[in-house]
Every structure is written in structure tokens, then in C-alpha cells.
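Good morning, colleagues. Please take a moment with the sequence and the structure on the screen; I shall then go through several of its local features.

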Amino acid sequence: ACILLYSSSLSMSMSIQRDFNATMEREFSTLSPVECFAAVVPPVIFSTDMDCSRDEIRMIKTLFVGLDVHKDTIAVAVAEDGRGGELRFYGTIVNSADAMLRLTKTRTKDGDMPSFCYEAGPCGYGIHRHLNKLGFECAVVSPSLIPRKSGDRIKTDRRDAEMLARLWRAVELTPIWTPDEEQEAMRGLIRARKQAVDSMKT
């Protein structure tokens, strides 16, 4: 039988849900649970647990994580999925691969799926590559493309992380192209050559 799941944002009464489920079970009885789920529910992120049977589908909640990255530290804020989802400051962690790994384990321990973002800057794309290798989405956004309120001049690591998490959840951030390690090395070589040529001219 096809098991239908609804996100908490759908405001159906229990009787309507029962009638809807009965109708869908008749109409989609030949489909697999995943096919049936995808056919009738608005796009959400979901996965199948290896320990679950084929008929069991577990909903996964997306967490939008804003990272305010500095050389030695990273301020972290988390926005829960949905318009009314909680926005909270997680804390400040060390800027290291081990600290990022611990952060991902903490954020996924309840079965949630974090999606990360941070501003492009002098720290480069190491965090982006590391999170991608761990299997997580991580967007790098240009500071010039981040919507900002006029007159909002108070800038702290916490406020920046919370702003990124909130805007990432609201789909108001546009990721930029991120080079791989080989492409970034080539760009560095080109910059170094240009600097050498310019210094010889002077």
C-alpha cells in the first residue's frame, strides 16, 4: 500500500486527510511508495532509512545554516524550515575540518539535513569543498549580492550568521561559481605572473 505523508504546513482536517488518502491509495496502488509520495506531495526532502522497510518513508527536516567565516573562527546560526521556523544562534566554533565535521554530526543526529552557506572572502573555498565531500550542500555567496536593509550598520558575527541563515531559507541568496582546487591553483598562478610582470614594468 502507498503511504502518504504530509508536511506540517498543510492545513487539512483529519477527515479530509483520511478521504484523500483513501482516494490516492486507489489511484496510485501500482506505484512504489517513493513514486506515490513524489506524485502527490509538494517538493520536500526525504530519504529511506536502511533499517526501515520499503513501505516506510521518513520525512527529513531541512536546516538552513549560516556561517560567518573568519580565519580562526566560524559563527554559526540555524534557521529551521518553514516560514515560522525558529532562527537561533548555534555558537562560535573553531575554523577547522574537525570542528566542521562535529557540527555536521550534531546537526544530523536527529535525522535533519543541514544546508550551509557563507560569504565569499579571503578564507577561500575550503569549507565549501570540505562540506561537499561530506555530502552536504554548501553555497558560497557574493557579499555584493546579499540583500541588506538600508541604515542597518550594526555588524556582528552573530548577526551576520543569522542573516545568512534567514536569507538562505527565504531563497534570497544566489550562489556564485566555485572553482575546484586545480582551477583555483591556476588562478593563483595567473595572478602571481601578472604581479611579477607589473613589478617589472615599474
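Let me begin with Cys 123, which is partly exposed, its relative accessible area being 36%. The model before you is a predicted one, and it holds zero disulfides. Cys 138, for instance, takes part in no disulfide: the nearest cysteine sulfur belongs to Cys 117 and is 7.6 Å away. A pair of sulfur atoms would have to be within 2.5 Å to count as a disulfide, so a separation beyond that cut-off excludes the pair. As for its surroundings, Cys 138 has a relative accessible area of 5% and is therefore buried.

I turn now to the strands around this position. Strand β6 covers residues 113–119, and six of its seven residues are buried, so the rest of the structure largely encloses it. On which strands does β6 pair? With β3, residues 62–69, it runs parallel and is joined by six bridges. Within that pairing, Leu 67 stands opposite Tyr 118 of β6. With β7, residues 137–141, β6 is again parallel, here through five bridges. In this second pairing, Cys 138 of β7 stands opposite Phe 116. Between β6 and β7 the chain passes through α4, and this β-α-β crossover is right-handed.

The connecting helix, α4, spans residues 126–133, and its buried residues include Ile 127, His 128, Arg 129 and Leu 131. In general, an α-helix has 3.6 residues a turn, so residues three or four places apart point the same way. Just after α4 comes Gly 135, with a positive phi of about 95°.

A positive phi also occurs at Val 171, at about 55°, although this residue is not a glycine. Where does Val 171 lie? It is in the loop between α5, residues 157–169, and α6, residues 181–201. Is Val 171 buried or exposed? Its relative accessibility is 70%, so it counts as exposed.

Finally, I should like to consider the second largest pocket, whose volume is about 380 Å³. Its lining comprises 14 residues, and those nearest the centre are Arg 148, Lys 149, Asp 152, Met 163 and Arg 166. How does the lining of this pocket divide into nonpolar, polar and charged residues? Ten are charged, four are nonpolar and none is polar.

That brings me to the end of this presentation. Thank you for your attention.

How values were computed: Residues are numbered from 1 along each chain as its sequence is written. This is a predicted model: local features need pLDDT of at least 70, side-chain atom pairs count only at pLDDT 80 or more; totals for chains, interfaces and linings use all residues. Side-chain values use heavy atoms; hydrogens and water are left out. Buried means under 20% relative accessible area, exposed over 50%, partly exposed in between (1.4 Å probe, protein chains only). Helices (H or I, at least four residues) and strands (E, at least two) are DSSP runs, numbered from the N terminus. On a 1 Å grid over the protein atoms alone, a cavity is a set of points where a 1.4 Å probe fits but cannot get out, and a pocket is an open set with protein on both sides within 12 Å along at least five of seven lines; lining residues have an atom within 4 Å of a point. Grid points are joined across faces, edges and corners, and a volume is the space filled by probe spheres set on the points. Ala, Val, Leu, Ile, Met, Phe, Trp, Tyr, Cys and Pro count as nonpolar, Asp, Glu, Lys and Arg as charged, and the others, Gly among them, as polar. Two strands pair if DSSP finds at least two bridges between them. A crossover is right-handed if, with the strands pointing away from the viewer, the path from the first strand over the helix to the second runs clockwise.
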